[in-house]
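Dear colleague,

I am passing on to you the structure we spoke of, and I would be grateful if you would look through it with the notes below at hand.

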Amino acid sequence: LPGIQGEPVYSICTGDSEIIVGTETGVFLSTDYGDLWTKIDPQLPPREYDPYAHSIVRDGRYLIVGFAEPDVYMSSDNGQSWTMAGIQPGPRTTPYAIAAEGNWVIGGNIGEDLYQSTDSGKSWTQVDSIFGGESVSISDSFGVAETLSAIFISTTRGSKWKNVYSIASRFTGQGATAISGGGLLAVISVG
């Protein structure tokens, strides 16, 4: 990316000719397949370190970005203006993984809480039965949350969650979930 060579890209979101990336120094948008880039960060409060953008999703109407510690921010105009989602951060960070489809948004954090919104981020509730959310996915009314110790699914747009796979011990590797065509893929790499 011009101006940020060598900087890691933590998240990426695409649509039509747009590419949106989250880096250590913020969020960047390209509307021409990556030739030109514009920084589209919300105005974040000052801090001692860069609030890297570790999760970016688009639900059709909103661009949703999870930053390390400040909060989750939402934009309905491609990053020209931003609204803080109002998720109360835990002791570590705000949601590390975010998924959205329609009005349903899920935000989870490794070893902490899973939050969800059913009104496009206007209000948030903590999912009591799930501790953490390293990876989250949504497709139609089907949601998946992978934690450090289990995989949970909801077939009711988040009103009920069920543990479908328990991991024998807390692992320290990486995980990913994806939903496609009614099928679920969960990948866990222990390391």
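A convenient place to begin is Ser55, which, apart from its neighbours within four places in sequence, is in contact with Ser11, Ile64, Val65, Gly66, Tyr96, Ala97 and Ile98. Please keep in mind while reading that this is a predicted model. Ser55 lies in strand 5, and its relative accessibility is 6%, so this residue counts as buried, the limit for that class being under 20%. One of the residues it touches, Ile98, is also a polar partner, since the side chain of Ser55 comes to 3.1 Å from the backbone nitrogen of Ile98.

The other finding concerns charged side chains, among which two salt bridges were counted. In one of these, Glu18 and Arg58 are joined through their side chains, with a distance of 3.0 Å from N to O. This pair connects distant parts of the chain, because Glu18 belongs to strand 2 (residues 18-23) and Arg58 to strand 5 (residues 53-58), with their positions 40 residues apart in the numbering. Arg58 has a relative accessibility of 26% and is therefore classed as partly exposed.

In the other salt bridge, Lys39 is paired with Asp41, and their closest N and O atoms are 3.5 Å apart. Lys39 is partly exposed, at a relative accessible area of 45%, and Asp41 is likewise partly exposed, at 22%. As background to both pairs, side chains of opposite charge can pair when their charged atoms come close.

With kind regards

Methods. Residues numbered from 1 in each chain as written. Predicted model: local features only at pLDDT ≥ 70, side-chain atom pairs only at ≥ 80, totals over all residues. Heavy atoms only, no water. Salt bridge = Lys/Arg side-chain N within 4 Å of Asp/Glu carboxyl O. Helix = DSSP H or I, 4+ residues; strand = E, 2+ residues; numbered from the N terminus. Buried < 20%, exposed > 50% of the residue type's maximum accessible area, 1.4 Å probe, protein only. Polar contact = N/O pair within 3.5 Å; in protein donor to acceptor, adjacent residues only side chain to side chain. Contact = heavy atoms within 4.5 Å.
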